[in-house]
Amino acid sequence: MIWGIFKRDMCHATRNVIAVIVSMGLVVVPALYAWFNIAASWDPYGNTKALKVAVANNDKGYKSDLIPVRVNVGETIISTLHANDQLDWQFVKSDKAIDGVKSGEYYAAIVIPKGFSADMMTLFSPDIKHAQLKYYLNEKINPIAPHITDQGATTVVNTIDKTFAKTIAQVGLDLASSILHYSQSPQMAEYMRNLNGNLTTMADTLSGASQQVTSYSQLLGSANDIVDSTGKLLASATKAGKQAQNALKQGKSGATSFTSAGANVTSSVNTALDQVSGAFDQVAAKVNKAFDAIGKGSDTAASQLATLSEQISSGESLYDTYITSLNHMRESVEQLPDSDSAKQALLEAIDREITLLEAAKGDSQKLAQQLKDASTQVTQDTAAAESSRKEILNRITSAKQSISNVRDDYATNVKPKIDALASTVSTLISQTDSMITQLSGTADGLDDVTGDVGTNVTSIRSTLGAIAKKLDSSAATVKELITKLETGGNAGDGNSDGGDGDNDADSGESDELRALATANASTLSTLISAPVALHRVSVYPIANYGSAMAPFYTILSIWVGAIILCAMLKVTISDREKAHVLGLGDTLPRIAGPSGPGNASRWGLRLDHEYFGRYAIFALLALLQGTLVCLGDTYFLGVQANHALQFLAVGWLAALVFSNIVYTLTVSFGDIGKAVAVVLLVMQVAGSGGTFPIETLPKFFQMLYPFLPFPHAIDAMHAAMAGSYGNEYLLDMVYLALFLIPSLLLGLVLRKPVIRLNNWVSRNLESTKVM
């Protein structure tokens, strides 16, 4: 059945000239697609000399006392680029270069700034500045051109670095050669004799200085006993100073507390006396008011008098507070030295003030009692009330007089003494602070002296000993230098008859220096500027960029060819063809049912027969496509193929696999299957690793990579072109062939349940008259 379908398809495909031409076109078009792309990318990096890159030199050059010759690195760069054909260098002004990059006339521009040479020559100054080139790049013109021009700019920078290093090295070698020639002149010999004489005098001076330093060290050793005695004396003085410091601090504390107490008492007594005096005036007024109210109501008068008695009794605590404050001040005064003449007089004044306050307190107590008694008498005996009023008013006058006496005595005797003493105490506090500060500094100085003198003497002796050793060592070094200079002078003399081993060694070093100086300075400076050369070893070499891209475009064209086949050829078999294959005439019997896959199975034409029978012509044309494109790659374009048969085998297998996948998708899903094949093509172009390494692609494509046929086909073709590592080629071919399994499974088994659905979709699409 399969063979019968294939024979009829071949007959139809070769029935007329148009069919043959179309069949040939189906075979040739994929090959043209591949060849065109491979030829276009054959050697893109070899044609970079057509890329225009502008260069503008604004360098003003550099000249200094160290380098009297004007240096212009920018001009050197321009001269070098004139001989460089890597890119199409355009030498223009800086404004035109920048504008050309913006307009797209130039792919890039290099602008050498004004101070470029000056910045490079800062290598010989303490403040080194990095020289910079300004590089302008138009990245929108082409995605690859920026990378090519970047490489060109990097080449310029490397050339500058090598040229600069070569120049510096050549100058150094020329200087060494000049020094060597000058060292052999008569003037240099005279200088060496003078130098030897001066060095001999210096060595003698150093030896004498060493002896003097040793004597100073011995003299300081004899002073140790004096230092010890002085230390003990200073320690005693330090102890006395600390005791005096503590005493002054205690005196300062007492004086400060007295001043504070005096100020507090003065303020509180003045305020309190004024309040008490005013309070007695208010009490007298209220007493008169209370007695005047007797006639109106004795109970009201009695209540007012009792209230006044309680108020005066509650005010007695103020006297105790004032007496306590004066006692505190008295304690502070007692802390003053007995030698102070104001101490005793102030104590007597304070005692008299306390006595007066206690008398005033007694008057207040008696007044409170009289008010209390009067409140009782008012309710019992109205006639005696007037007598009580007079006694109470007299008592108020007496108490007020006592307060006046306290205030007058305080103002006359106590306050002036307190103010005078406060002034004296303030002066004493200031002087005490100054004395404590000075004494602390003196004590600290004494401690430093006693702690450091002995240590310093020992340290100085140790230092002098080390200096003496250094001087002896320096004298020996100078003498050794004199010997070497004399030996070197003899070794450099060509008339010397012989010498010891050292002379031979020095002579060898002189010969090496002479050989270095007389060598080719240009060759040596080139070696110094670029000491490392890169030796490229190609593993599995590829002839050119076109050969490297051939596997990608070849495999891509084979997939495109499979899509073209399914677009041009029918994948389903008509009932008429089925009837002819079965020998049933032009039509199937009516019992076959609607036209569609598998409707002739009762007569022996099964679904798998239809699948493979129609696929046979697809497979034949796909093999012809793969054969033509691979042979054209090898023999028409000259693509590298170390194993031509393996290269061709990859094309055949890829053609079978790709055509089967696209054919199966189309058979199973109709036009939707063709769209899926196009989607798979787009996905594989991005994620196959044919252009960029798969490791450089996004994570999604790296995960998708093993499940696509393109990467395995491309890797197998690479192995056939350049050589295989182990079983690399066979494994990739096996992986590629495995994609036939899901494709055949879909075409033979999984598509059966959806045949009716697919037929229904096809009928609906045809009913639109546009699909």
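# Salt bridges, burial and a sheet: a guided visit

Guide: Welcome! In this predicted model, the side chains of Asp9 and Arg614 meet in a salt bridge, with 2.9 Å from N to O. Asp9 sits in helix α1 and Arg614 in helix α17 (residues 607-636), 605 residues apart, so the pair links distant parts of the chain.

Visitor: Why is the meeting of Asp9 and Arg614 called a salt bridge?

Guide: The term asks for a side-chain nitrogen of Lys or Arg within 4 Å of a carboxyl oxygen of Asp or Glu. Asp9 and Arg614 have 2.9 Å from N to O, so the pair qualifies.

Visitor: What makes Asp9 and Arg614 count as buried or exposed?

Guide: Buried means under 20% relative accessible area. Asp9 has 8%, so Asp9 counts as buried. Arg614 has 9%, and therefore Arg614 is buried too.

Visitor: How many salt bridges does the structure hold?

Guide: The structure holds 5. One of them joins Glu577 to Arg8, with the closest N and O atoms 2.6 Å apart. Glu577 belongs to helix α16 (residues 575-582) and Arg8 to helix α1 (residues 2-13).

Visitor: How do you know whether Glu577 and Arg8 are buried or partly exposed?

Guide: Glu577 has 13% relative accessibility, so Glu577 counts as buried. Arg8 has a relative accessible area of 24%; partly exposed covers the range between 20% and 50%, so Arg8 is partly exposed.

Visitor: Why does Arg751 have no salt bridge?

Guide: The nearest side chain of opposite charge, Glu610, is 5.4 Å away. A salt bridge needs its atoms within 4 Å, so Arg751 and Glu610 do not form one. Arg751 is buried all the same. A polar atom of the Arg751 side chain does lie 2.6 Å from the backbone oxygen of Gly747.

Visitor: Now to the strands. What makes β2 and β4 edge strands?

Guide: The open sheet has 4 strands in the order β2-β1-β3-β4, with mixed pairing. β2 (88-91) and β4 (134-137) each have a single partner strand, so one side of each is left without a neighbour in the sheet.

Visitor: How do you know that β1 and β2 pair?

Guide: Pairing takes at least two bridges. Strand β1 (residues 52-57) is joined to β2 by 4 bridges, so the two strands pair, and they run parallel. In β2, Phe91 is the bridge partner of Val55.

Conventions: Residues are numbered from 1 along each chain as its sequence is written. This is a predicted model: local features need pLDDT of at least 70, side-chain atom pairs count only at pLDDT 80 or more; totals for chains, interfaces and linings use all residues. Side-chain values use heavy atoms; hydrogens and water are left out. Buried means under 20% relative accessible area, exposed over 50%, partly exposed in between (1.4 Å probe, protein chains only). Lys and Arg count as positive and Asp and Glu as negative; His and the chain ends are not counted. A polar contact is a pair of N or O atoms within 3.5 Å; within protein, one must be able to donate a hydrogen and the other to accept it, and residues adjacent in sequence count only if both atoms are side-chain atoms.
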